[in-house]
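Me: I'd like to practise reading a protein model. Could you take some questions with me, one step at a time?

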Amino acid sequence: MSRIRSILHRAGARIGRPSSPLGSVKYAGVAIGLAILLVAALAVGAVAAATFYDQYGAHQERNAQAWAALTPQYAAASSECAQCHATEYGKWAGSRHIAVSCQTCHGPLAEHVATAPVPESAAAIDAAEAGAAPAPSLAAGVAVVPPTDALCTVCHQKILGRPADFPQVDRAIHYAGTSCLQCHDVHTAIAVPPPIITHSLVNVPECTACHGTTATNGVKAMPAGHQPSVDAICLSCHKPKGDVSSPGPIQTQVP
Amino acid sequence: MSVSRRRFLGTGLAACAGVAGAYALTSLLPTGAVGAAAAGDAAAAGDAAAATSPTPSAAPTYDPHAHSWAFLVNTTRCIGCGRCVDACKNENNVPDDPEYNRTWVELHVVENDGTVLVTSPDGGIHGFPPEPPELAASGATASQAYFVPRLCMQCDNPPCTSVCPVSATYKTPDGVVLVDQERCIGCGYCVLACPYGARYIVPSGGRMPTGQPGVVDKCTFCYHRITKGMRPACVEVCPVEARLIGDLDDPTDPVAVAIRTGRTSVMKPELGTKPRVHYVGIEGEVG
């Protein structure tokens, strides 16, 4: 402080004698020093002001970019699945289920791609999907939801509130106890029932509730010569193969 | 070297004017220019992340001023399968607990006497029973029933941003309301201010959207997807096209056309919140 005061004092003392060469040099030095200090203070102030007054906008913009930078889990389109699963994708692409994304049933693609082993060939994938060969991917714990009846009924079970024009069935009377996949190909969405559909005989309504005199919901009607009757009468001829109380599918047959 | 008083004052004044001018110029720059530098940094960070990630993790070419996002929910198509709720949780790391949802599905049952029963078991993530047990218990019959998917309305006049004491929640130029979860203090004012119940406070443990507990979270329209040209996860998995995203800045966008031509309605319009989520087929009592 005393040094600054002495500098100022000396500078002030020189003002009255500007012709002195030595005094001019000192005076110029002080002036340049002050100018540098002023410039530095202004620069620091400008930077501080820029970050302070813009803060409310700037932090939000940075945060929006941080949200935007997160990594998606679901692929943008089902076509990405076609790179490996061309056969099933081809069936699906021409089906009524075209509006249903692969990931709607099978879950997010990202995890699957990250954990799936590199497939040997498209043929190997097709064989595994057809059940002809063990699926190496499933053994490796690939996160793809395998098709189950629950996935069908989450959309197609008849419930209150579902639009009337949406295809839906009451599973309690629509082949109860039988897998949906026994008749339906989920990728083509075409029902191709086998000649005989095996189904459980427990926890189902009366035989005639489904097998009426006319075919309803695609369920086979009773033959023309039959009269509607109680289960005991039906089962006297249509013997169950196996234990009627077992929860598994039981095929009925006429002896 | 000799300096005259005139020269000293002249040079000093010029220097000061120069500094002041330079500062004035930086003040005149749009905030976007400052942000652009930050965007460059973010893009560089994103590229570093992309090296270890299978998908691009930044959208450096995205211009938020060139889009205006809106959402259309068609309740006449919704089948209440709950795939959207499931996809949202997977995509955004939303807590598994059914009380915490960025989106959920409600079943609205209008009973014969006009009362409305609203149910949403587990947010609808597992679908719905054939009939709500509450309806059977009351003995009433349904005259009308439909599903109503719910999400943040991304209001243009959002009550939530007004009440935030730390300006952690804000509106983006493209119309989305976001929460800065590093700035959020978890006071919950916005949760109470939202008339649509769209916000929740992230519980600790389990899945957390940004790994941060005790902060507010909500639907972002899948901001990380729409900024990359992808649809939100719920829209991607909806099997009946009951949920659609659209860009109001694109005059040919079907959602923009539907909203512009007035064939849609919004929830609680009397509040003046100006939601960006529009509905087809909701009745007056929905909200």
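Me: What share of the area that chain A exposes is supplied by carbon and sulfur atoms?
Reply: Keep in mind that this is a predicted model, so the values are computed from it. Chain A exposes about 15,400 Å². The part of that area supplied by carbon and sulfur atoms is 66%.

Me: And how much of chain A counts as buried?
Reply: Chain A has 255 residues, and its secondary structure comes to 11 helices and four strands. A residue counts as buried when its relative accessible area is under 20%. In chain A, the buried share is 25%.

Me: Let's move to chain B. Which strands stand at the edges of the open sheet with the order E3-E2-E4?
Reply: This sheet of chain B has three strands with antiparallel pairing. A strand at the edge has a single partner strand, so one of its sides is left without a neighbour in the sheet. In chain B that describes E3 (116-119) and E4 (142-150).

Me: By how much are neighbouring strands of this sheet turned against each other on average?
Reply: Here the direction of the strands is ignored. Averaged over neighbouring strands of the sheet, the turn is 20°.

Me: Which residue in E4(B) is the bridge partner of B:Trp104?
Reply: Strand E2 of chain B covers residues 104-111, and eight bridges join it to E4(B). These two strands run antiparallel. For B:Trp104, the bridge partner in E4(B) is B:Arg150.

Me: Is B:Glu241 buried, partly exposed or exposed?
Reply: B:Glu241 sits in the loop between helix H8 (233-237) and strand E9 (243-247) of chain B. Its phi is near 55°, a positive value in a residue other than glycine. The relative accessible area of B:Glu241 is 41%, and values from 20% to 50% fall between buried and exposed. That is why B:Glu241 is partly exposed.

Me: What is the relative accessible area of B:Lys268?
Reply: B:Lys268 is not a glycine, yet it has a positive phi of about 50°. You can find B:Lys268 in the loop between helix H9 (254-260) and strand E10 (277-280) of chain B. B:Lys268 is partly exposed, and its relative accessible area is 26%.

Me: Which residues that line the largest cavity are closest to its centre?
Reply: Searching the whole structure gives four cavities of 30 Å³ or more, and the largest has a volume of about 100 Å³. That cavity is lined by 15 residues. The closest to its centre are B:Cys78, B:Cys81, B:Cys84, B:Cys238 and B:Pro239.

How values were computed. Residues numbered from 1 in each chain as written. Chains lettered and ligands numbered in written order. Predicted model: local features only at pLDDT ≥ 70, side-chain atom pairs only at ≥ 80, totals over all residues. Heavy atoms only, no water. Pairing = 2+ DSSP bridges. Axes fitted to C-alpha atoms, helices over the stretch in contact; angles between N-to-C directions. Buried < 20%, exposed > 50% of the residue type's maximum accessible area, 1.4 Å probe, protein only. Areas by Shrake-Rupley, 256 points an atom, 1.4 Å probe, with all protein chains shown as cover. 1 Å grid on protein atoms, 1.4 Å probe; cavity = no way out; pocket = protein on both sides within 12 Å on 5 of 7 lines; lining within 4 Å. Points joined across faces, edges and corners; volume = space filled by probe spheres on them.
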